Amino acid sequence: MAQGSDNNDSSYTKSPSPGNKQGSSDDVRKVMRREKNRIAAQKSRMRQTQKADNLHLESENLEKENAALRKEVKRLTEEAKYLTTVLSNHEPLCTGLSGASTDLLYGAHHGAFHQHISVPHYPH
């Protein structure tokens, strides 16, 4: 419906005459219906705006969380590279594992690997 059409509808109102009470009650119902419709449209626009605001906030939060997770992935990747280097440097020095395959290092004998590295063990 075009804006300002409410003003044009006043020309269609019937003059209240004693024999035309039906037309008058129809006009009142029409005005009430329009008012209810206006309020419903206003509420709908407010809900739509609120929903858009909520989506924007959620998007910002997800972007922050994504950045934090990317930072953690980078840190963990660097730590894995460091630990791989430490392991590679230690393997030639470890007499108990000379000639052992990597399956042995990471397989069922995983505990034997730690016997040769001086790392403090803390109780769980």
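This is a short talk about the helices, salt bridges and surface of one protein chain.

Okay, hi everyone. Before anything else, keep in mind that what you see is a predicted model.

Let's begin with the overall layout. What does the secondary structure come to? Four helices and zero strands. If you walk along the sequence, the pattern reads α-α-α-α. One helix will keep coming back today, and that's H2, which covers residues 21–90.

Now, how much of this chain is buried? Of its 124 residues, 8% count as buried. As for the outside, the accessible surface of the chain is about 11,200 Å². Carbon and sulfur atoms account for 56% of that surface.

On to the salt bridges. How many turn up in a search of the whole structure? Three. Let's take them one by one.

Start with Asp26 and Arg29. Their side chains meet in a salt bridge, at 3.4 Å from N to O. Both sit in helix H2, and because they are three residues apart there, about one helical turn separates them. Asp26 is partly exposed, at 31% relative accessibility.

Next up, Glu35 and Arg38. Here the N to O distance is 2.5 Å. Again we're in helix H2, with the two residues three apart, so about one turn of the helix. Are these two buried, exposed or something in between? Glu35 has a relative accessibility of 33%, so it counts as partly exposed. Arg38 comes out at 43%, and that is partly exposed too.

Then there's Arg75 with Glu79. In this salt bridge the closest N and O atoms are 3.4 Å apart. The spacing along helix H2 is four residues here, which means about one helical turn between Glu79 and Arg75. Glu79 is partly exposed at 37%, and Arg75 is partly exposed at 44%.

Last stop: a patch on the surface. Which residues make the nonpolar patch? Tyr82, Leu83 and Val86, and together they give about 300 Å². Val86 belongs to helix H2 as well. Why can Val86 be part of a patch? Patch residues need over 30% relative accessible area, and Val86 has 37%, so it clears that cut-off while counting as partly exposed.

So, to pull it together: we have a chain of four helices, with three salt bridges in the whole structure, and a nonpolar patch made by Tyr82, Leu83 and Val86. If you want to find one of these on screen, try Glu35 and Arg38 in helix H2. That's it from me, thanks!

How values were computed. Residues numbered from 1 in each chain as written. Predicted model: local features only at pLDDT ≥ 70, side-chain atom pairs only at ≥ 80, totals over all residues. Heavy atoms only, no water. Patch = residues over 30% accessible without salt bridge, like charges linked within 9 Å, V, L, I, M, F, W, Y side chains within 5 Å. Areas by Shrake-Rupley, 256 points an atom, 1.4 Å probe, with all protein chains shown as cover. Salt bridge = Lys/Arg side-chain N within 4 Å of Asp/Glu carboxyl O. Buried < 20%, exposed > 50% of the residue type's maximum accessible area, 1.4 Å probe, protein only.
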